[in-house]
Amino acid sequence: MNGETKTRLRITGLGIVIAAVVSTWAVGAFGQKATPGPGSAPASANAPATSAAAPTATASIAAPSKTPDALVERGLYLARAGDCISCHTGPSKVPFAGGLPMKTPFGTIVSTNITPDKAGGIGDYTEADFARALRDGVRRDGKHLYPAMPYTSFARIDDADMHALYAYFQRGVKPVAEKPPATDLPWPFSMRWLMLGWNFLYLEPGVYSPDAARSAEWNRGAYLVQGLGHCGECHTPRNSLTGGVKSTSDRRGDSFLAGALIDGWYAQPLRHTDRPTAAQWSSADLVAFLGTGRTSHTAAFGGMSEVVENSTQYMSKEDLGAIASYLQTVGAPAGSVPPAASPQAAVVAAADKHPDTLKLRAGTVEGAGAMIYLNNCNACHRSSGAGADGVFPSLSGNSVVNAKDPTSLIRIVLGGSAMPSTEKAPSALAMPGFGWRLTDANVADLLSYVRVTWGNKAEAVTPAQVAAVRATFKPADLALTKP
Ligand code: HEC
Ligand code: HEC
Ligand code: HEC
């Protein structure tokens, strides 16, 4: 993805102005802001007690490690968990040298150089400056960062991890003098102080505070998901006017990890809903998905491929297991226990004998959708829709197929996709795109059929929905997938 323009931030111009208006009255209320909310109660042993409201408390940070290399190593691990490289690497492809343009409705924000170069990068940053940029979204010169930098999530990072990250970015990364073009938004958005109002609405100060009623593993998972992993930046819906992530933890309402559109893909809910979601997967499947980009019956694609390639594949089994044990509880009905096997496994096991499978094989299904399926999809995803273990995802019982928002489904059929290539699973199996040969009406018929077959239960797809997704492709990109 490096070099391609991203649209991470969906803030409308009007929204920013409203945020600014809010800021004028908010300034007076800022004193109250430091009051810990439910999500920022005093931290415990797990997370040393410092809040983002007092980032200068770095003096209290753990004494310098006796083995500096271990600290830098730890920092590298955390930098991967935070996926700093995806946003801070631009067209030059030099890691952390910045320059990635991120499109927003009010102009393009360019990521900055975070190598330890004094002129081009953050070589002059003290640890306190660094912590303030990550947790408060304020640069060394005191100016506000735009929330294209996920500081509302990074605010949860505890002092020990901040210390290791700082060590890595000062001593583990090669300084690069390259200076990416400055972000130059048109007035009034060029006034960075406007972010004060936005922050008042969306930035909750305070490092992660463990939930004493939960296990250490669960808290570790929550810490990673809400903080460094910034999963909610893509998986939690935003306020459509002001672009803020609506909820930053499970303690703050039902919208946390409830699914959202990001860069033209739908990042599925990671919480329990009334449909199949990853929150119902077994721990083994969640660990496999995040570690290798695939399970027996599904695979990562779109923006998640990059997250797996650059970030989660490097996380330890323990940390991925912790993430799983946390996600399995988000929005879970009271008293439910995490399953030993993902529900999709049972659906796949039964798919061969499903009445819809038998009808497809006998050629007794009516309607255009089934015919289009047989002619285009059957070779890989099979008449049972079950695909092939570890190779072709199963369309039956699949959370993408059953998602309320069909955007990802339409996009993958029009443009195709490749699985991430990871150390543990290097083969990047690909699905071809069909946008060059199927019309909007064909795709709507096909997907409407797939969404009610083999036990799937989801709304029909309309040609207008397909046309809207098609309009986001360059015609040349669709032609590219032509064999
Ligand atoms: C989702 C994209 C994204 C991710 C992930 C991200 N950043 Fe950023 N970061 C940005 C953007 C964009 C800016 C510049 C924002 C601006 O100019 O207002 C920025 C700015 C910064 C700055 C301020 C530098 C300066 O002086 O301009 C620091 C420090 C920083 N990021 C560190 C990190 C670290 C460390 C990580 C990983 C833990 C990280 N970032 C992850 C997008 C990201
Ligand atoms: C840059 C945006 C982005 C970030 C950050 C991100 N995701 Fe995703 N994620 C997506 C998109 C888009 C999809 C849909 C594509 C797919 O299913 O692979 C997705 C899909 C998933 C799925 C599969 C869901 C399903 O029902 O098939 C899981 C599990 C997941 N993400 C977990 C995470 C976790 C855990 C984190 C944080 C460590 C995270 N994601 C961070 C964009 C993101
Ligand atoms: C040549 C084999 C092949 C054909 C033909 C094919 N697919 Fe796929 N499909 C794949 C592969 C491989 C993936 C995984 C891609 C990825 O993860 O990036 C996939 C992924 C998908 C997914 C996402 C599922 C998930 O859990 O990740 C859907 C939905 C899908 N295909 C639907 C279809 C439909 C509908 C058709 C017919 C128009 C079709 N496919 C034709 C190989 C194929």
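Here are some notes on the predicted model above, point by point.

1. Ground rules. Residue numbers start from 1 along each chain as its sequence is written, while chains are lettered from A and ligands numbered from 1 in the order in which they are written. Since you're looking at a predicted model, local features need pLDDT of at least 70 and side-chain atom pairs count only at pLDDT 80 or more, whereas totals for chains, interfaces and linings use all residues.

2. The overall picture. The protein has 20 helices and 6 strands (DSSP runs, numbered from the N terminus: H or I of at least four residues for helices, E of at least two for strands). Of its 483 residues, 49% count as buried, meaning 20 or more other C-beta atoms lie within 10 Å of the residue's own; 12 or fewer makes a residue exposed, anything in between is partly exposed, and C-beta atoms are placed from the backbone. Take the contacts with a separation of 6 or more (C-beta atoms, placed from the backbone, within 7 Å): 70% of them join residues 24 or more positions apart.

3. Ligand 1. This one has 27 residues around it, with Gly-82, Cys-84, Cys-87, Thr-112 and Met-149 closest; to be near, a residue needs its C-beta atom, placed from the backbone, within 6 Å of the molecule. Helices α3 (84-87), α4 (127-136) and α6 each give two or more residues to that shell. By class the shell has 17 nonpolar, 6 polar and 4 charged residues. For the classes, Ala, Val, Leu, Ile, Met, Phe, Trp, Tyr, Cys and Pro are nonpolar, Asp, Glu, Lys and Arg are charged, and the others, Gly among them, are polar.

4. Ligand 2. Here the shell has 28 residues, and Gly-229, Cys-231, Cys-234, Met-304 and Ser-399 come nearest. Elements giving two or more residues are α9 (232-235), β4 (265-267), α10 (283-292) and α11 (303-310). The split is 16 nonpolar, 11 polar and 1 charged. Domain 2 (232-343) and domain 3 (345-480) each supply at least three of the shell residues; the bounds come from an automatic or database domain assignment.

5. Ligand 3. Thr-298, Ala-299, Cys-377, Cys-380 and Met-431 come nearest among 28 surrounding residues. The elements with two or more residues in this shell include α16 (378-381), α17 (407-415) and α18 (440-450). There are 23 nonpolar and 5 polar residues, and no charged ones. Ligand 3 lies between domain 2 (232-343) and domain 3 (345-480), because both give residues to its shell.

6. Helix α12. With 8 of its 11 residues buried, α12 (residues 317-327) is largely enclosed by the rest of the structure. The buried residues include Asp-319, Ile-323 and Leu-327, and they pack against α8 (216-226) and α10. Ile-323 is in contact with Gly-221, Leu-224, Val-225, Leu-286 and Leu-290, leaving aside neighbours within four places in sequence.

7. The cores. A nonpolar core is a set of buried Ala, Val, Leu, Ile, Met, Phe, Trp, Tyr and Cys residues joined through C-beta atoms within 7 Å. The largest has 83 residues, and Ile-323 and Leu-327 are among those with the most contacts inside it. Helix α6 (residues 159-172) gives the most, with 7 residues. Domain 1 (13-209) and domain 2 (232-343) each contribute at least three residues to this core. Apart from it lies another core of 21 residues, including Ala-370 and Val-466.

Key:
Two residues are in contact if their C-beta atoms, placed from the backbone, lie within 7 Å.
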